[in-house]
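Work through the exercises below with the model open. Try each task before you read its solution.

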Amino acid sequence: MTPGAQGADQSFIELTARQRARKLLDQGSFRELLDPFQRVSSPWLAPQGIVPQADDGMVVAKGTIAGQPAVIVAIEGAFQGGSMGEVSGAKMAAALELAAEDNRNGIPTQAVLLLETGGVRLQEANLGLAAIADIHAAIVDLRRYTPVIGVVAGTVGCFGGMSIAAALCTRLIVTREARLGLNGPQVIEQEAGIAEYDSRDRPFIWSITGGEVRYASGFVDALVSDSLLEVKNSMLSFIKQGVPAQHRSDNYAFYLPKLASFDTSKQASREVTQALFTRSAANLEDPQ
């Protein structure tokens with residue numbers, strides 16, 4: 001999708017985190033919290049010779065969506081691979097916690113997470129892991145009141161502890177370019193060997209962790225084109241549906257027996273994954 005195609009439509013992947021947040025909020029309602037001028041950056045990067053970024057790669061924006069209060073938290077995948085550190089993780093967790101508090105106080109604040117992240121930042125491993133745990137807890141708390149919508153668009157994907165955050169979202173939107181998995185391809189290759197998992201084999205990688213196969217297997221709720229309008233329309237539809245009777249992550253009675261039956265001695269494939277997890281079975285609780 002080229003910028004300017006179909007009127008106001010454009011590529012969603014090509015937008016920066018800040019642009020994505022601005023364009024998903026109602027026009028003119030964008031207000032950034034702890035913006036770059038506040039100079040809230042990681043204290044752990046410069047001592048290691050890494051140039052920090054003034055917002056630590058995390059954009060937190062308040063505004064409205066369809067006229068209702070909303071918060072959008074967007075990770076900038078171009079900075080440190082979207083990795084989560086002490087500051088960036090605290091910004092996301094605090095934004096979600098404040099949204100939950102708003103809901104408890106009668107202000108129905110919606111939440112959207114734009115996830116482009118490789119997971120915890122190795123330079124801040126323990127602090128980053130603690131922040132990700134706070135994010136998980138905050139999502140579970142907030143989704144009781146309002147749908148928490150996650151979007152994984154592309155290039156960086158969503159891996160590590162933040163893939164668990166994606167799984168905890170009420171609804172998850174992906175593009176075909178997106179990838180979603182607990183461990184990144186390079187990590188698997190390093191630990192299991194190139195014969196087991198060649199991180200340079202792009203067709204293989206996308207056949208296992210790509211957006212299309214994740215959708216077909218029931219791990220995400222919408223597969224959209226690289227289109228701002230499609231992402232926004234899907235987001236609006238899921239917000240309108242409200243909080244489901246059961247979240248996917250609570251459906252362990254379906255998933256645990258499937259995992260126990262998987263033969264780990266055989267190479268995983270798209271066909272094996274789809275045979276193990278099907279959309280119809282994984283989403284029996286949600287007929288929509």
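**Exercise 1. Find the salt-bridge partner of Arg-144 and classify both residues by exposure.**

Step 1. The side chain of Arg-144 meets that of Asp-141 in a salt bridge, at 2.4 Å from N to O. A salt bridge here is a side-chain nitrogen of Lys or Arg within 4 Å of a carboxyl oxygen of Asp or Glu.

Step 2. Arg-144 is exposed, at 53% relative accessibility. Asp-141 is partly exposed, at 21%. The cut-offs are under 20% relative accessible area for buried, over 50% for exposed, and partly exposed in between (1.4 Å probe, protein chains only).

Step 3. Widen the view. Glu-101, Arg-104, Asp-141 and Arg-144 are linked in a network of salt bridges. The count for the model comes to 13 salt bridges.

A note on the source: this is a predicted model, where local features need pLDDT of at least 70 and side-chain atom pairs count only at pLDDT 80 or more, while totals for chains, interfaces and linings use all residues. Residues are numbered from 1 along each chain as its sequence is written, and side-chain values use heavy atoms, with hydrogens and water left out.

**Exercise 2. Which parts of the chain does the Asp-250 and Arg-143 pair link?**

Step 1. Asp-250 forms a salt bridge with Arg-143, with the closest N and O atoms 3.5 Å apart.

Step 2. Asp-250 sits in the loop between helix H8 (228-241) and H9, and Arg-143 in the loop between H3 and S5. The two are 107 residues apart. Helices (H or I, at least four residues) and strands (E, at least two) are DSSP runs, numbered from the N terminus.

Step 3. Asp-250 is partly exposed at 35% relative accessibility, whereas Arg-143 is buried at 5%.

**Exercise 3. Describe the surroundings of Glu-32.**

Step 1. Glu-32 is in strand S1 (residues 31-33). Glu-32 counts as buried because its relative accessibility is 15%.

Step 2. Its side chain makes a polar contact with the side chain of Arg-18, at 2.8 Å. A polar contact is a pair of N or O atoms within 3.5 Å; within protein, one must be able to donate a hydrogen and the other to accept it, and residues adjacent in sequence count only if both atoms are side-chain atoms.

Step 3. Leaving out residues up to four places away in sequence, Glu-32 touches Arg-18, Val-59, Val-60 and Ala-61. Contact means heavy atoms within 4.5 Å.

**Exercise 4. Which residues touch the most other members of the largest nonpolar core, and which element gives the most to this core?**

Step 1. The core has 33 residues. Met-92, Leu-96, Leu-113, Leu-115, Ile-135 and Met-162 touch the most other members. A nonpolar core is a set of buried Ala, Val, Leu, Ile, Met, Phe, Trp, Tyr and Cys residues joined through side-chain atoms within 4.5 Å.

Step 2. Elements giving two or more residues include helix H2 (86-104), helix H3 (125-142) and helix H4 (161-168). H2 gives the most, with six residues.

Step 3. Now take H4. Met-162, Ser-163, Ala-165, Ala-166 and Leu-168 are buried there. Their cover includes S3, H2, H3 and S6.

**Exercise 5. Where does Leu-34 lie, and what is the sign of its phi?**

Step 1. Leu-34 is in the loop between S1 and S2.

Step 2. Its phi is positive, about 50°, although Leu-34 is not a glycine.

Step 3. Leu-34 is partly exposed, with a relative accessible area of 42%.
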